[in-house]
Amino acid sequence: MSKKKISRRKFLVRGGLGAIGVLAVGTYVFRNPIRRGIAGALNTGDTPYMGNTSSPIIWFEVTSDNNIILHSPKVEMGQGTFTGLAQMAADELEVSMEQMQVVHANSISGNMDGFATGGSTSISTLWIPLRELAATMREMIKNEAAAKMGTTAEKLSISNGVFSSEGKTMTFAEAVKDVAEWEIPDTPVLKDLKKYKFIGKPIPRVDLKDKVFGTPMYGMDATLPDMLFGSVVRPTAIGAKFIDADISKAENMPGVVKIVKEKDFVGVIANSQTEAENAKNAIEAQWEVERTWQTSDIEAMIAVGEGEPFVIQKEGSAKSILEDSEDTIISEYKSPIGAHAQLEPNGALAFVEENKATIMMSTQVVKITRDEIADRIGLDSDQVNIVPTFLGGGFGRRLHTPNGIQAAVLSKAVGKPVKCFFTRKEEFQNDTFRPPTHHVLKATLDTEGMIEAIEHNVSSGDVAFGSPMLPSIAEPILGADLGAWRGGMIQYGGIPNYRTISWRKKLPFATSWWRSLGLLANTFAVESFMDELAIAAKKNPVEFRLAQIQDDDRGFRLKEVIKAAAEKSGYTEEVIDGRAMGFAASTDVNTPCAQVAEVSIENNQIKVHKVTCAMDPGLAVNPDQVRAQCEGSIIMGMSASMFEKMEVEDGELTPTIYGPYQMATMRNTPKEIDVVLLQNSDVPGAVGEPPLGPIGASVANAVFRLTGQRLREMPLKLG
């Protein structure tokens with residue numbers, strides 16, 4: 001379809017974090033209340049869609065065989081987004097699922113999300129915009145079909161992409177043929193949910209066949225004619241700054257085409273990957289390293305009390321009550337440095353020509369990647385085409401893409417395509433890590449055994465700050481890093497006095513987004529502490545939580561998942577046949593989740609037999625995908641809670657390979673994960689990250705009932 005004329009109206013284009021800038025004017029004096037207000041809004045609100053919704057033509061393509069191709073601005077990294085989006089579009093377009101195909105939208109199309117694929121927002125943020133676009137596209141095609149069939153649009157019926165009227169039929173493909181100019185009508189009224197055929201159904205994944213048959217689709221699969229291979233010298237020491245490099249030994253090695261020395265890196269271009277790696281290893285790079293760090297140094301840096309505190313949540317007089325009480329209960333919890341450890345290392349295939357560049361890569365931030373590469377190689381943004389691929393694991397790692405810049409610089413130097421990827425060791429040592437955390441929690445109980453006051457102090461390295469995703473103006477306004485405290489606020493609004501303090505500390509190595517951000521570590525601390533308080537109050541942990549939840553919509557939904565998890569699991573405090581149950585709950589954005597872990601101890605090792613998960617994500621566009629996300633999140637959360645840990649030894653992050661970096665394997669996963677879905681909202685909410693929240697605490701709480709040991713540090717190990 002040729003796009004020559006777009007008229008009459010534009011769809012809603014939503015703003016995002018940029019709106020924070022408006023609050024910067026005149027707020028300094030009142031910055032603490034305003035910061036708490038912003039933090040509260042970010043804690044409960046959904047990120048709006050920040051892409052181009054002005055025209056359906058950049059989203060949908062009708063093929064000659066009457067299929068529909070949806071060009072998705074959200075990338076597929078295994079979460080099933082393509083399938084959910086296809087269901088939403090198919091229902092409004094009036095086509096079958098078999099007719100739907102979904103591909104990644106290239107940046108040159110203009111169909112880019114200004115935010116990212118992340119934050120569990122792919123389905124929820126496009127719930128309204130995509131259906132509006134599909135419905136409008138349907139009406140655009142219907143108008144053309146009516147004109148060609150000599151009738152009016154009102155007289156046409158539609159089924160599976162075919163119009164019918166008075167014995168005549170016309171396919172979508174026939175209707176759009178030879179249309180050179182399109183006029184966009186007003187957005188039609190969306191269908192009633194009850195009339196949808198695909199939304200809410202367990203539709204098979206649209207990318208299933210390609211994955212079963214191993215169709216090339218990932219960044220590492222990318223190829224171009226006459227492709228060369230690149231390899232970049234990367235530091236092993238924390239905080240190393242590139243100074244210079246002796247390339248004399250590498251220049252004349254077999255297969256070397258060129259060695260490129262830039263202000264911030266040196267890279268090799270060769271005829272094969274092996275030759276590029278061999279030459280890279282022969283380069284003697286000079287680095288400036290200010291300090292040789294150890295794990296103990298990092299732990300000291302993030303201790304509560306170090307860095308700058310920001311009160312992000314406050315209700316009542318928790319501080320004074322806790323200071324005056326003689327019966328204050330105080331506990332500490334910790335979590336370690338965590339790697340992303342995704343299967344596919346970072347890398348890109350770049351082809352930079354005189355006036356254009358094509359970059360094929362796994363990225364969660366198409367627009368940011370495009371703009372950064374364009375700036376580095378001296379092209380306009382519209383001259384750089386990012387071709388997103390499927391992601392061999394994202395989890396926030398692909399939100400930082402300097403690897404795309406490096407591949408582009410190497411390609412520009414030789415005028416040919418260059419494929420450049422991290423090695424596994426380089427990926428581990430140059431990750432953007434999940435920061436370690438330290439938590440200090442305090443509480444007092446009243447005479448009825450209820451919480452009178454509670455305080456959560458969380459100290460962490462940066463998560464969102466320093467990321468290209470966050471406007472620079474957000475840092476001084478927010479103060480506290482919104483990623484670091486995610487999941488750290490007190491969710492039990494029925495408690496009369498509570499507050500949360502975030503302590504910010506910038507660490508000497510890169511820390512950033514990791515699936516669920518601070519949710520896993522913060523929930524581990526808060527929900528383990530809630531278990532301690534329930535025991536101190538001599539109350540059932542489930543009833544103890546339920547009694548302290550506020551009576552509003554958010555509280556109602558949290559209560560319902562807590563009750564559902566307890567009921568479905570048959571939760572009991574008793575140890576039966578060497579097994580005990582642990583309970584925990586969390587609310588991430590607007591999605592509450594509760595979990596019960598059934599645990600035993602075998603050979604002094606923690607064994608998780610079953611996890612019952614109750615979650616309320618609102619409307620489940622594809623219930624099977626939601627359950628799969630719960631299962632995947634639980635296993636990933638178990639892996640991080642029970643096994644994963646990076647150390648700092650003599651200035652270097654270690655380990656650098658799988659194996660020494662312990663992760664959960666098949667033998668460590670529960671034999672049963674029982675997922676209960678509640679849908680107490682008529683719109684989709686976050687799915688991909690909320691189930692990570694409760695798992696660490698639920699396992700630790702079960703271990704306490706078995707052994708009497710309160711595990712206060714991840715990864716969870718018995719003494």
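In this predicted model, helix α7 (residues 273-282) lies across strands β7 (228-232), β9, β10 (266-270) and β17 (418-421), and it runs at about 30° to β7. Another helix, α11 (residues 402-414), lies across β7, β9, β10, β14 (347-352), β15 and β17, with an angle of about 35° to β14.

The strands beneath these names belong together. An open sheet is built from 7 strands, and following the order from one side to the other gives β9-β10-β7-β17-β14-β15-β16, with mixed pairing. Strands β9 (256-261) and β16 (384-388) stand at the edges; each has a single partner strand, so one side of each is left without a neighbour in the sheet. On average, neighbouring strands of this sheet are turned by 20° against each other, direction ignored. As a helpful reminder, strands of a sheet pair through backbone hydrogen bonds, either parallel or antiparallel. Here, β15 (residues 357-361) and β16 pair in the parallel sense over 5 bridges. Within β15, a residue to look for is M360, which stands opposite V387 in β16.

Attention now turns to the nonpolar cores. The largest of them has 70 residues, of which I454, I562, F583, I606, V699 and L716 touch the most other members. Helix α14 (residues 519-536) gives the most to this core, with 9 residues. To picture the surroundings of one member, take I606: leaving aside neighbours within four places in sequence, I606 is in contact with V599, S600, I601, M642, V699, V703, L711, L716 and L718. A second, separate core holds 51 residues, including L70, A173, V179 and Y196.

Methods. Residues numbered from 1 in each chain as written. Predicted model: local features only at pLDDT ≥ 70, side-chain atom pairs only at ≥ 80, totals over all residues. Heavy atoms only, no water. Pairing = 2+ DSSP bridges. Helix = DSSP H or I, 4+ residues; strand = E, 2+ residues; numbered from the N terminus. Axes fitted to C-alpha atoms, helices over the stretch in contact; angles between N-to-C directions. Contact = heavy atoms within 4.5 Å. Core = buried A, V, L, I, M, F, W, Y, C linked by side-chain atoms within 4.5 Å. Buried < 20%, exposed > 50% of the residue type's maximum accessible area, 1.4 Å probe, protein only.
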